[in-house]
Amino acid sequence: MRTYLFFALLFLVSCKSNTPLVAAKHDYPNPVDTTTKNIQLQKRQVFETQGLQASNDFPAARLNAFSQENDSTYIAAIWPENFPINPSPWYAFKLWAKEAKEIYLKLQYSNGAQHRYHPKLSLDGETWKLLDTTAIRTNTDQMSATLKLQVSTDTLWLAAQEIQDHRRVGEWAKKMSATKNVTLSNAGKSAQGRALYHLNITENTSTNKPTVLIISRQHPPEVTGFLCMKAFVETIINEGATNGFLNKYRVMVYPLMNPDGVDLGHYRHNTGGVDLNRDWSQYHQPEIKQVTNHMVRETTQHNNEVLLGLDFHSTYRDVYYTPDESVTRKIPNFKNAWLDQIKVALNIEDINERPGKISRPTSSGWFNKQFGATGITYEIGDDTPRDFIKTKGVESARAMMKILLEE
Ligand SMILES: [Zn+2]
């Protein structure tokens with residue numbers, strides 16, 4: 001009897017070890033080096049000048065140096081975490097003065113980066129408004145912008161985009177998990193120990209259900225993509241039980257892929273100085289390694305067929321990067337049907353579809369190579385109006401659920 005048990009156990013163990021529970025490595029003709037590089041950390045501090053103070057001492061802040069040029073003009077120097085890097089010069093800092101006054105503030109970028117993000121202002125770090133266009137002058141060198149600001153003894157927050165740091169994303173994820181059908185857990189930890197949040201969304205069991213994977217914020221400043229992802233996920237949670245979607249499907253969400261980069265106010269990289277959306281083949285960076293392994297392990301153990309992977313980003317305007325028609329995928333008709341429905345729902349003439357860069361080791365290619373799924377990079381413009389972003393998130397979630405329910 002004991003011998004029988006021993007062999008039964010051995011059989012079970014060997015079965016398990018044959019199941020791939022980690023992501024496979026994928027070769028690319030032109031590999032990208034994603035091994036860890038050095039980064040330059042900002043010194044967190046309060047900068048003091050005559051009559052005006054500036055602080056970078058909070059999560060998501062970026063202000064590398066601060067000086068006074070003359071009575072009314074100040075210079076805020078903004079540098080990247082390392083170089084070379086994508087031109088996405090993020091900035092965020094607080095300002096206050098001994099007395100109320102009007103000042104000129106020059107945002108001065110380094111390494112050839114050009115002014116990109118329209119400044120947002122806040123008095124509490126939660127509610128943001130755009131700085132009036134008439135108060136912004138992009139200088140002829142393009143590498144600096146001068147802002148006209150009213151400062152006072154009250155703290156004024158100035159940032160490239162609304163601040164959505166690790167704490168705020170965690171609060172949102174926690175709020176989502178208070179609703180039925182949603183479970184919050186961690187898929188692992190970033191290099192600096194921040195939780196890699198994971199929301200599991202389904203009704204009753206996760207097992208034996210076709211699955212949709214959703215990720216966001218590989219690139220820290222890409223807040224508009226994150227806002228669209230939020231509306232998208234909230235719609236699945238709000239409507240997916242009533243329409244039957246969550247009874248049939250499982251949705252796995254990773255809302256903040258690069259929490260260190262976000263909290264350190266990075267332009268693009270993680271603390272390994274690497275663009276995480278180039279590491280989806282060799283997994284040198286802990287964030288990508290753990291999330292891909294979590295996806296593979298979870299979907300293998302629950303016998304899920306992954307049909308679709310969506311990765312939310314931001315760029316200069318709204319774009320969908322989609323797989324080429326020649327790429328084999330499990331639901332070949334999904335992409336066209338989905339984009340058509342979004343176009344009709346939003347009454348937009350040009351959906352702006354572009355071919356995905358399949359030669360690069362990005363998430364969208366990985367969803368296809370790893371699972372045979374349709375991988376789509378969902379880009380929102382830096383300046384796309386926030387109410388439109390929300391509507392787009394809602395309508396594209398509705399269209400996805402409708403099409404997948406007809407599968
Ligand atoms: Zn991006």
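The legends below describe close-up views of a predicted model.

**View 1. The two assigned domains of the protein chain and the contacts between them.**
In this predicted model, the domain assignment of the protein chain places residues 46-159 in domain 1 and residues 164-405 in domain 2. The C-alpha centres of domain 1 and domain 2 are 31 Å apart, and across the boundary 16 residues of domain 1 are in contact with 17 residues of domain 2.

**View 2. The hairpin of β1 and β2, with the pairing of β2 to β5.**
Strand β1, residues 46-49, pairs with strand β2, residues 52-55, in the antiparallel sense over four bridges, and within this pairing Glu48 stands opposite Gln53 of β2. Two residues lie between the strands of the hairpin, where Gly51 adopts a positive phi near 80°. Strand β2 is also joined by four bridges to strand β5, residues 92-97, and these two strands run antiparallel; here Ser55 is found opposite Lys94 in β5.

**View 3. The open sheet of five strands, with mixed pairing.**
The strands of this sheet follow the order β3-β4-β6-β10-β9, and the edge positions are held by β3 (65-68) and β9 (136-138), each of which pairs on one side only. From one strand to the next the twist averages 20°. Within the sheet, strand β6 (residues 101-109) and strand β10 (residues 144-151) are paired in the antiparallel sense over eight bridges, and Lys106 has Thr146 in β10 as its bridge partner. When reading side chains in such a view, it helps to recall that in a regular strand they alternate between the two faces of the sheet.

**View 4. Helix α7 and the elements that cover its buried residues.**
Helix α7 comprises 13 residues, 334-346, and spans 18 Å from its first C-alpha to its last, close to the 18 Å expected at 1.5 Å a residue. Its buried residues are Phe334, Lys335 and Trp338, and because these fall within an arc of 90° when seen down the axis of α7, they line one face of the helix. The cover over the buried residues of α7 includes the strands β16 (306-315), β17 (319-322) and β19 (374-381), together with helix α9 (386-405).

**View 5. The face of α7 turned away from its buried side, and the residue that follows the helix.**
On the face of α7 turned away from its buried side are the exposed residues Asn336 and Val344, whereas Phe334, Lys335 and Trp338 are the buried residues of the helix. After α7 comes Asn347, whose phi is positive, near 55°.

Definitions and conventions
Residues numbered from 1 in each chain as written. Predicted model: local features only at pLDDT ≥ 70, side-chain atom pairs only at ≥ 80, totals over all residues. Pairing = 2+ DSSP bridges. Axes fitted to C-alpha atoms, helices over the stretch in contact; angles between N-to-C directions. Expected span 1.5 Å × (residues − 1). Buried ≥ 20, exposed ≤ 12 C-beta atoms within 10 Å, placed from the backbone. Arc of directions from axis to C-beta. Contact = placed C-beta atoms within 7 Å. Domains from an automatic or database assignment.
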